[in-house]
Structure formats: C-alpha cells, structure tokens
Amino acid sequence: MPELNLTSAPAHLRHGSSIGQPLTRRDGVLKVKGQATYAADNHPPGLLFAVIAVSNIAHGRVTSLDVAAAKRHPGVVEVMTPDHKPPLAIDPEIKTNPFVFRMEVLQSNEVRYANQPIAVVIAETLEAATEGAVLLAPRYETLPALVGLDAGKSYVPPVVGVGNPTENHLGDVTAGLASADKQIDAIYETPAQYHNAMEPHAIVAHWNGDRLEIDMPTQGLMLSLARVAELFGIAHDKIHIRSPFLGGGFGSKGLMAGPPVLGIMAAKLVGKPVKLVLRREQMYGPVGHRAPTRQRLRIGADAEGRLTALDHHARTVSSTFDDFYEPAADASHTLYAAPAIRTSHDAVRVNTGTPLFMRAPGEATGSIALESAIDEMAWACGMDPLAFRLKNYAEVEPITGKPFSSKALRACYDQGAARFGWAKRSLQPRQMRDDAGLLVGWGMGTATFPALMFQAEARAVLRRDGSGAMEIGAHDMGQGAWTALAQIAADELGLDIERVEFKAGSSDLPDAGIAGGSAHTATAGAAIHSAGAAVIAKLADLATNDERSPLFGAGNAGVIARDGRLTRRDDESRSESYGEILARAGVAEVEARGTGAPNPAAMEQYAMHAHGAVFAEVKVDPELGQIRVTRMVGAFAAGRIVNPHLVRSQLFGGMIWGLSFALHEEAITDRRSGRIMNANLGEYHIPVNADVPPLDVITVEEHDPHVNALGIKGVGEIGITGSAGAVANAVWHATGVRVRRFPIRIEDLLTQR
Amino acid sequence: MKQFDYVRPATVAEAVAAAAQPGATYLAAGTNLLDLMKGNISRPDRLVDVTHLDGLDQIERLADGSLRIGALVSNADLAHDAEFAKTYPAVAEALLSGASAQLRNAATVGGNLLQRTRCAYFYDTASRCNKREAGSGCDARGGENRTHAVLGWSESCIATHPSDFCVPLLALDAIVEIEGRNGRREIALDELHRLPGHTPERETVLEPGDLILAVRLPPAARGFAAHARYLKVRERMSYAFAIVSAAAALRIEDGKVAEARLALGGVAAKPWRARAAEDVLRGVAPTADAFQEAAWRALADAKPSGDNSYKIELARRIVVRALTLAAAGTPARIPALPASPFASTSGAIHA
C-alpha cells in the first residue's frame with residue numbers, strides 16, 4: 001500500500017485546539033484524484049480472480065454443479081465446491097462468541113436463502129471466472145420457501161439486538177390504557193432494506209507461506225482478524241489486514257461474512273493471491289440486511305395530553321439458521337415520559353440471509369413507527385405535535401428512571417422549530433398549498449441514539465525532531481476518521497496536526513474496537529486521549545526530573561503540552577520544546593499506550609443518549625400522489641463536536657437516509673420464491689440529488705461530563721431517527737392520509753381527490 | 001462473461017449482413033444490452049457495433065417539413081438541440097425525464113426504441129419468463145407486479161415498455177426507417193412494437209438483420225409545438241422509470257381543439273396511443289370535463305394484471321393533467337424537472 005499523504009486545511013484556520021475545527025477531510029484529495037486505495041484496487045503479482053456462484057433458490061439443496069463445463073472454459077483455473085475446498089480449522093456453524101454469525105462457506109449442499117454462495121470459480125480474468133460461474137448450471141432440490149412476516153409460527157427470541165431483553169415493563173400498561181381519555185392502536189410496517197454501500201464487499205487475499213495478507217474493507221479489524229485466525233487455525237500475528245478506506249459500511253462490514261472467507265479459501269486452494277468482489281446483486285443475501293418489521297403501538301393519553309401508557313410490540317424475522325432480531329420496540333424506552341411502558345418483540349423464521357446491524361438497527365425502524373404514533377396521538381388529543389412532545393418530555397429516562405448524563409433536547413426542539421418556522425403550522429391536515437396548488441405538509445420527529453463506548457487502545461510517540469505519531473487501528477468508512485481522530489491526536493500530543501503522523505486502518509496497529517454503534521470517535525478518541533496523556537507524562541518525567549531543564553521540579557505543579565512544548569502550569573515563562581527534552585535525555589523518542597473503555601459506574605448512574613429534533617416539509621401532488629420533500633431542518637445535541645464540518649456531513653447523510661426510509665427504500669421479495677426482485681441500484685430506490693432538499697443542520701451546544709473523557713456522543717446514526725418519522729408525518733399533514741406501511745407509495749395517496 | 005465475436009462493419013449493408021446471422025445482435029451505446037449481457041439475460045454470439053457507421057448521427061430538416069433523426073443521435077444531443085426542443089417540446093421533455101444525464105449522453109435514438117422491458121422477472125433468470133424463454137411461463141403473474149401492464153397484456157406477459165421517448169414520438173405519428181436484408185422500408189412507430197399475445201418473445205416486427213436507420217417526424221408534428229407536454233409519475237424525482245406517463249399534444253384553433261394527440265407510457269408492452277380519447281376531443285373546447293371524458297376513453301379497456309389497479313386511476317388522472325398542461329401552453333423553457341408533477345415549482349430548489 002502506498003504511503004498515505006493526508007492534507008489539511010490551511011493552518012491559519014486553526015487557533016490552538018484542533019478539536020472543534022471544521023477541517024475538510026484530509027483524505028479528500030486522494031479520493032478525488034482516485035489515489036485512495038480501496039481493497040479491490042490492489043493487484044499483487046500473479047493475482048487470480050474469484051467469482052461466487054450463488055443460489056437461485058431460497059430453500060433446498062444443490063444436487064449438481066457442472067464443474068467440468070466451468071473448468072473447460074478458457075482461463076478458468078479452479079472451481080471450489082463443497083466437495084473440493086481447503087479445510088477450515090473449526091466448523092463455521094459454531095458461534096464462538098456473540099459477534100460471530102453463521103456463514104455459508106461451502107460446508108454443505110444445503111441452501112438456506114436466495115443468493116447464498118454455492119461455489120467459487122477462480123480464473124485468470126474476471127470475465128472467465130464470471131462465465132465459469134454461469135457454466136456451473138446448478139440443479140436443485142427445491143423446498144418451499146418461508147417468506148414474510150407471517151411465514152410461520154412466531155416465537156419470542158431470547159434477546160434482541162445485541163443482548164437486549166426481549167421485553168421490558170414499566171408500570172401497568174393495561175391500566176394506563178384503560179384510564180386514558182384518548183387512545184390510538186395502530187400497526188406500522190417497515191420493509192427489508194439492504195445496506196448497499198457504494199463499495200461492494202471485496203477481498204484480496206494472499207497466502208505467503210503461513211502468513212496471510214488481506215486487503216478488505218472492514219469496520220472491525222480485530223474482530224475480523226480473530227475470526228479469520230480461528231477459521232483457518234493460524235496465529236493472530238500471522239495475519240495482516242489492511243483497510244485504509246471503506247466505501248461505506250453501515251454495519252454490513254462490521255463482522256466477517258462468508259464471501260471474504262471464501263476469498264481466503266480460494267487463495268489457499270490455488271496457492272496464489274485471489275481477488276473476490278461481490279456483484280451488486282450478490283450483496284442481497286450473505287452480507288446482512290435490515291429485517292422487515294410489523295409494529296403495533298397502543299398509546300393512551302389523559303385529557304391534558306399526558307401519556308398514560310405506551311405499548312410497543314415489534315414482529316420481525318430472522319434466518320432459519322441464526323439469530324439477529326431488529327430491536328425496533330426498544331425505541332420507546334427513552335423518549336417519552338409515560339408512567340406505563342411495555343416493549344416486546346416476537347419473530348418468525350424465513351429463508352433469508354441472517355439480518356444484521358444496519359445503520360441505527362432498531363432505532364431506525366422503531367423511530368418511524370413511534371414518531372408516527374406520537375403524531376397520531378397528538379392529533380387525537382387535538383394538540384400540536386411539538387407541544388405534545390414537550391408535554392411528555394422525559395426528564396429522566398422513562399424505562400429506567402435514571403437521570404440523563406446530559407440532554408439538550410429542549411434546545412433542539414426550540415432551535416429547530418425556530419429555524420423551520422414551525423409556529424405557523426396549521427393543526428389540521430390538508431390545509432396548506434403552495435402557489436402551484438401542491439399540498440404542503442409539515443411534520444416533525446424526535447431523534448435519539450444511545451451514546452455508546454467500546455474498548456480501544458492507541459500508541460503515542462513523541463520524537464526528537466519535534467514530531468509525533470499516533471497509531472490506532474481505526475476505520476474510516478467515509479465518516480472522516482482520518483481527520484477527526486487526527487485532530488484529537490494533535491490536541492492530546494500538544495502538536496499541530498501536520499506534525500502528527502496519524503496511522504490507522506491496519507490490523508498491525510492497536511485495536512480501535514469496532515466502528516459501529518456511532519461510538520468510533522468516542523471509543524478511539526478516548527484511547528488516543530489516554531495514550532497522548534501517557535506519552536506526555538513520560539516526556540514530562542524526563543524534564544521535571546532533570547535539573548538541567550527549566551521544568552525541573554515542576555512535578556507537583558504540572559506542565560501543559562502545547563505547540564510542541566511543555567510549559568510549567570504555574571509559570572508560562574518556563575518551558576521547553578519536546579525536541580530539547582528528548583535530545584538532552586539522549587533518546588530518539590518516547591512512546592506510551594493508552595486505552596479507552598466505557599465507564600461502568602457512570603453507565604450505572606446515568607442514561608446516555610444523543611438527541612435531536614427534525615422538521616420536514618413535503619409537497620404532494622393532490623391528484624397524482626407523487627411526494628417531494630422540500631425542506632428539512634435537524635437540530636441535534638450530541639455532546640462535543642470534534643469536527644463540525646464532518647459532523648454536519650454525517651447528519652446530512654442520516655437525514656437523507658431517513659427520507660429514503662420514509663419514501664423510497666424497499667427490498668421487494670417475491671412472496672413465492674423468496675428471491676429479491678430489485679437487487680440493483682436502478683430498482684432498489686434510494687434518493688437521487690433531486691429528491692434531497694436543502695438540509696439545514698444545527699448542532700446544539702451540549703456538554704456531557706459523564707459519557708467519556710472527551711464528552712463525545714457520536715453522530716453516525718442519529719440522523720436517521722426522527723427524520724423518517726418527520727417526513728411521514730409531513731405527508732399526513734399535507735394529505736390527511738395516514739400511511740402506516742413504508743415506504744409511502746403513490747397508490748397510498750390516490751385514495752382521496 | 002460469455003465469449004462473443006465483435007464486428008465493426010463499415011457500411012449499413014455490411015451491418016445488416018453481419019447482424020442477420022443467428023445469435024447476432026446490434027450494439028449501439030449498450031446502455032441496456034451490456035446490463036442484459038452481464039446478467040445473462042442476453043447471451044449473444046456476435047455483437048455488431050454500429051456506432052462507427054457514417055451518416056446515422058444527423059438531425060435533418062427535410063424539404064417537406066419532416067424531421068429526420070439519425071438512429072445514432074444521442075438522447076442528450078437531440079434533447080439539447082434548441083430547434084428540436086422548440087418544435088417538438090414534448091419529445092425533448094420526455095427525453096430529459098429519462099434515465100440519468102450520463103445515460104442520456106450515451107444512449108441513442110435507435111437503442112431507445114429497442115430497449116427491453118424492465119420487468120423484474122425478465123431480468124431474473126431464475127424466474128420463468130415467456131419473453132426471455134418462450135413458453136416457460138410468466139412469474140410476474142401472481143408475483144410482485146404493482147408496476148406492470150394494465151393495457152394490452154396477455155396471460156403470457158404483463159410486462160411494460162419502459163421508454164419515455166417513444167411516448168410523444170408515437171403521439172406525433174413518428175415513422176421508423178429500417179434497412180433490412182430486402183432493402184429499405186418504413187413503418188409507423190405504432191407498428192414497431194408488438195403486444196404480447198401468445199408470443200411475447202417477439203417484441204417488435206423487426207426481422208433478423210433489420211437496422212433502424214432513423215426516426216422521422218412528419219410535417220404535421222410541427223403543428224403541436226404550442227401545446228405539447230410530457231408528464232411522468234415515478235417513485236423518485238429522477239432516474240426511475242415511469243409508473244405511468246403521458247404525452248399530450250393539442251392544436252387549438254379559435255378556442256377549440258382542432259386536433260389532439262395522446263399517448264401513454266408505462267401501461268403496456270408498447271407505447272400506447274389513445275385514439276379514442278383523441279377523437280372525443282376533436283372540435284370541443286379544452287375543458288376539464290372534456291379531458292375527464294378523454295381520460296375515461298383512454299383507459300376504457302384497462303384492467304389490472306396484478307396488484308396494479310391503482311395504475312388505471314393514476315393513468316386517468318395523468319391524462320387529465322397532461323391535457324390540462326398542454327392546453328395551458330408549452331412553457332418557454334423546458335422545466336428544471338422535466339415531465340415532473342413538480343415541474344411547476346419555480347427554480348431548482350435544491351442547491
């Protein structure tokens with residue numbers, strides 16, 4: 001991999017602290033010039049190309065593959081099948097830890113879902129491998145496919161999401177509903193959705209003796225490395241994974257899935273480096289998705305519009321062979337102060353690839369249902385939706401009773417509503433029109449996402465030439481880790497960002513934890529913070545213990561690291577540069593490691609969440625039913641903002657995703673075959689530029705002393721929540737038609753004239 | 001991919017000879033064909049690349065007032081030809097409402113006419129499709145079919161023709177010039193595409209080797225410039241095929257409709273001319289009632305082929321709207337959102 005040359009905005013834009021500065025992304029120029037090396041851009045000498053053949057059926061067995069025909073095709077080198085493959089060290093069906101999901105890596109002829117890998121063709125060219133895969137002409141014994149939310153007998157899974165209880169109770173929901181003046185009872189449906197990162201899953205795998213070199217986009221370098229190590233029975237230090245850039249991940253590249261494992265197996269089989277890249281349609285199966293949900297919300301409110309009960313039940317699906325349950329109902333735990341809350345889940349098994357984390361798993365699906373239901377409840381109470389939300393504002397986390405570590409949601413409501421002009425909204429739907437006669441509607445939703453932390457380590461170095469280094473195996477999925485984490489590193493090392501060599505994206509660096517849960521900046525940032533403090537402490541020891549240093553004896557008073565110098569805290573005239581300290585000590589550099597981890601005591605004491613308020617305007621053609629979002633304002637409070645420029649970009653992305661959730665995205669599954677009928681970006685609709693209105697993001701000031709040392713809450717996912725409901729509610733306000741199945745379709749709005 | 005021969009003929013005659021062989025197919029921009037080949041829906045043995053043939057990329061005004069558009073003129077070049085857009089505004093609007101800017105830059109006039117359906121079951125080689133494999137059955141019937149045909153479909157096939165361009169061309173009585181093994185001939189565009197019947201695999205009347213050389217708009221097509229619109233309802237603002245679309249063109253004299261032209265897209269296996277609707281508008285005032293009547297006539301024979309009965313009502317409403325917009329007059333400029341119900345939104349609201 002070539003040396004990365006990251007660039008920053010001119011230094012004059014920054015004054016002192018790097019954190020808080022709106023630096024443009026430092027890898028931006030590389031990307032614009034096509035010089036950022038993504039996994040599939042690697043071509044080691046002797047590279048062969050592997051193409052996966054996938055199952056046409058959703059359930060059954062492969063009874064034959066015409067391996068001979070494939071092998072006869074010019075350029076085809078090998079065909080890997082369940083009968084001809086390198087052995088694995090352990091059965092991939094064994095779940096060695098909760099973050100291991102079962103995968104299809106040619107261990108049997110069984111077919112569990114459509115688009116499951118059933119063979120791999122390895123050839124000298126991509127074209128030859130592709131044709132070889134076609135020539136396999138698989139035959140099947142087909143069994144009936146389980147499809148849809150009513151596919152079979154439902155059951156209550158042991159947990160949902162990552163270890164969340166399936167059911168939660170607060171107070172007496174039945175009594176709360178019985179005592180209510182107004183009630184709603186509504187069912188909302190959300191479709192299966194696929195991550196569809198621009199960059200498909202890809203791997204270049206190269207066995208070098210007993211060493212394994214991997215280029216692969218991953219959101220979890222160490223989790224992936226550990227999984228590869230156990231599957232192939234090799235030591236961790238024999239594996240090197242490089243993942244400097246991801247063309248999006250959204251949760252689908254967090255854990256090792258089957259296809260990259262097949263790439264490693266293929267490389268082993270042929271003894272040469274192998275590249276395996278999924279085709280777009282092959283991403284609709286073996287690499288996770290967001291499961292569909294059917295959610296029933298029953299809400300009661302008293303005569304003043306105070307909630308008396310909130311009952312949120314979610315039905316979802318998992319695969320026939322593994323367990324992941326979209327924790328949709330959990331969205332009702334944190335936002336609204338009902339004295340009685342019940343959340344519950346059940347599921348059916350269907351012939352699908354196992355669902356997985358997809359950007360705001362549970363929060364996104366749960367939010368559009370909850371925010372729609374709250375909107376319906378406000379209307380039933382005759383109240384403005386914002387006034388209704390304020391009336392039911394949660395001063396403590398409703399489900400636990402814990403105080404919030406910080407919660408600037410009121411400010412989000414205020415600032416967002418003011419910017420949007422919410423006060424002019426008509427209470428009644430279908431009252432507003434523009435000059436062209438289009439129906440105009442305004443809707444809102446509350447955004448929330450937990451402030452999570454994982455574990456990470458970083459290594460910091462200060463060098464005699466006055467430069468520094470920070471090493472951490474962090475992941476840049478496009479969100480800006482190369483920039484934001486380097487900003488934190490610069491501050492922690494007391495150096496200008498250009499003097500810090502920031503290394504990330506490689507498994508030979510300290511473990512940065514997984515880039516997920518909107519927790520990467522907080523987690524990696526905390527480790528960088530600790531490592532920086534530790535290396536500065538070492539440097540300070542060198543100075544304050546050396547009688548030749550102007551800082552001698554400052555041990556108790558302490559020193560401040562700034563601009564490449566240590567300065568006595570109580571006497572700014574006494575300072576010394578890092579270089580001078582190290583030169584006199586006769587060392588080339590000092591290094592130290594530091595870790596970041598959640599604080600269990602604080603988590604026990606406080607509920608930790610980011611919040612926000614999203615306001616949307618839509619226009620709807622009154623006769624034709626086509627919808628266009630024309631304005632969105634989102635105000636978010638997410639603790640400390642490391643880089644306002646990148647944070648705004650993340651929130652834009654989330655809000656667009658929310659719009660997409662409400663109006664566009666849906667994987668269409670054939671109800672008979674279980675095959676996905678729109679597995680391409682022409683037919684699986686996401687918004688195009690003309691669908692995205694001017695987006696206005698306000699980051700609301702919020703100081704959180706409890707979440708972590710840096711006060712960071714994370715912004716990767718919260719933008720979806722609130723936004724999807726705001727758009728849906730705006731459609732209701734425009735038309736008077738409440739659509740409870742998403743995405744909202746044209747035909748849903750043709751019922752009235 | 002399947003290996004295939006690639007032929008680049010020097011003349012039209014050579015092209016026709018090369019393409020008349022079994023397993024051969026013409027390649028122009030390939031915006032549809034290459035996707036079909038990547039997906040193994042089409043597995044030609046031979047591609048006959050016509051993009052280097054001389055003389056097929058001209059837009060010519062003929063002495064009789066016709067316009068002759070070469071088959072290799074790109075969709076973008078045609079739409080952005082100022083004289084063309086002024087004279088045939090609904091055609092330009094339709095072109096600009098299709099695909100994406102990148103695709104329009106590549107896609108050709110001839111290729112647009114011959115693009116294949118977007119029925120998901122046609123593209124999914126694991127599904128039965130009479131169009132892809134004659135006699136295999138139709139999995140779209142009883143499948144996920146909310147965007148499928150409501151006119152002219154058969155039990156064998158409920159697919160739709162996806163072109164926007166063809167819809168106003170059909171309304172304007174476009175003529176297709178074809179070179180074949182037996183020389184040159186011309187047919188009305190309305191005769192080019194076939195309804196499925198029992199042979200949905202035969203999508204056009206073209207014979208092996210037939211090459212579309214040009215599309216001609218007759219002199220009368222110029223008479224609608226003042227009152228011609230294309231309207232397209234789709235599931236996002238751009239880069240989506242029509243759920244239903246309509247081209248409406250009126251010649252208004254003395255406050256009455258002297259002549260009306262109406263065609264629908266996204267409703268049948270071919271662009272759909274609504275002559276019965278045209279007939280009821282002749283000689284009447286362009287009123288909402290008249291347009292409603294026309295809409296009922298246009299969809300009189302429509303019936304759902306699946307979960308798509310809404311398309312019939314939607315089509316009626318689109319007909320009324322398209323006629324209303326046409327009656328109001330062609331805008332001086334093609335809207336920033338061509339053919340969109342949101343075309344009237346002033347300016348581009350996105351940054």
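These exercises, with worked solutions, walk through a predicted model with chains A and B.

**Exercise 1. The build of chain A**

Find how many helices and strands chain A has, and judge its compactness from the radius of gyration.

Solution.
- Step 1. Start with the secondary structure. Chain A holds 15 helices and 29 strands.
- Step 2. Take the radius of gyration. For chain A it is 27 Å, close to the 27 Å that the globule rule gives for 753 residues, so chain A is as compact as a globular protein of that length.
- Step 3. Add the extents. The C-alpha trace of chain A spans about 85 × 70 × 50 Å along its principal axes.
- Step 4. Turn to burial. In chain A, 63% of the 753 residues count as buried.
- Step 5. Check the contacts. Of those in chain A between residues at least 6 apart in sequence, 80% join residues at least 24 apart.

**Exercise 2. Surface and charge of chain A**

Describe the accessible surface of chain A and the placing of its charged side chains.

Solution.
- Step 1. The accessible surface of chain A is about 26,100 Å². Carbon and sulfur atoms own 51% of that surface.
- Step 2. Count the charges. There are 72 positive and 83 negative side chains in chain A.
- Step 3. Locate the two sets. Their centres lie 2 Å apart.

**Exercise 3. An open sheet**

Work out the strand order in the sheet that contains β2(A), and say which strands stand at its edges.

Solution.
- Step 1. Write the order. Three strands of chain A run β4-β2-β6 in an open sheet, with antiparallel pairing.
- Step 2. Find the edges. β4 (110–111) and β6 (139–142) of chain A each have a single partner strand, so one side of each is left without a neighbour in the sheet.
- Step 3. Look at one pairing. β2 (residues 60–64) and β6 of chain A are joined by four bridges in the antiparallel sense.
- Step 4. Place one pair of residues. Opposite G60(A) stands T142(A), in β6(A).

**Exercise 4. Helix α3 and its surroundings**

List the buried residues of α3(A) and the elements they pack against.

Solution.
- Step 1. Pick out the buried residues. In α3(A) they are A128(A), A129(A), T130(A), E131(A), G132(A) and A133(A).
- Step 2. Name the partners. These residues pack against β1 (48–54), α2 (67–72), β3 (76–80) and β5 (117–123) of chain A.
- Step 3. Follow two of those partners. β3(A) and β5(A) pair antiparallel over four bridges. M80(A) has V120(A), in β5(A), as its bridge partner.
- Step 4. Test the cover of β3(A). Four of its five residues are buried, and the strand is mostly covered.

**Exercise 5. Unusual backbone geometry**

Three places in chain A deserve a look. Describe the phi angles of A137(A) and N196(A), and the peptide bond from F742(A) to P743(A).

Solution.
- Step 1. A137(A) has a phi near 35 degrees, positive in a residue other than glycine. A137(A) sits in the loop between α3 (126–135) and β6 of chain A. Its relative accessible area is 45%, which makes A137(A) partly exposed.
- Step 2. N196(A) is not a glycine either, yet its phi is positive, about 50 degrees. The loop between β10 (182–190) and β11 (202–208) of chain A holds N196(A).
- Step 3. Is N196(A) buried or exposed? The cut-off for buried is under 20% relative accessible area. N196(A) has 13%, so it counts as buried.
- Step 4. The bond from F742(A) to P743(A) is cis, with omega near 0 degrees. P743(A) lies in the segment after α15 (723–735) of chain A.

**Exercise 6. Chain B and a distant pair**

Outline chain B, then find what G329(B) touches.

Solution.
- Step 1. Chain B has 13 helices and 12 strands. Its radius of gyration is 20 Å, close to the 20 Å given by the globule rule for 351 residues, so chain B is as compact as a globular protein of that length.
- Step 2. Of the 351 residues in chain B, 58% are buried.
- Step 3. Find G329(B). It lies in the segment after α13 (310–328) of chain B. G329(B) counts as buried, at 18% relative accessibility.
- Step 4. Leave out residues up to four places away in sequence. G329(B) then touches A226(B) and H227(B).
- Step 5. Compare sequence with space. G329(B) and H227(B) are 102 residues apart in sequence, but 4.6 Å apart from C-alpha to C-alpha.

Notes
Residues are numbered from 1 along each chain as its sequence is written. Chains are lettered from A and ligands numbered from 1 in the order in which they are written. Side-chain values use heavy atoms; hydrogens and water are left out. Helices (H or I, at least four residues) and strands (E, at least two) are DSSP runs, numbered from the N terminus. The radius of gyration is taken over C-alpha atoms; the globule rule is 2.2 Å times the number of residues to the power 0.38. Buried means under 20% relative accessible area, exposed over 50%, partly exposed in between (1.4 Å probe, protein chains only). Contact means heavy atoms within 4.5 Å. Accessible areas come from the Shrake-Rupley method with a 1.4 Å probe; for residues, only the protein chains shown count as cover. Lys and Arg count as positive and Asp and Glu as negative; His and the chain ends are not counted. The place of a charge is taken as NZ of Lys, CZ of Arg, CG of Asp or CD of Glu. Two strands pair if DSSP finds at least two bridges between them.
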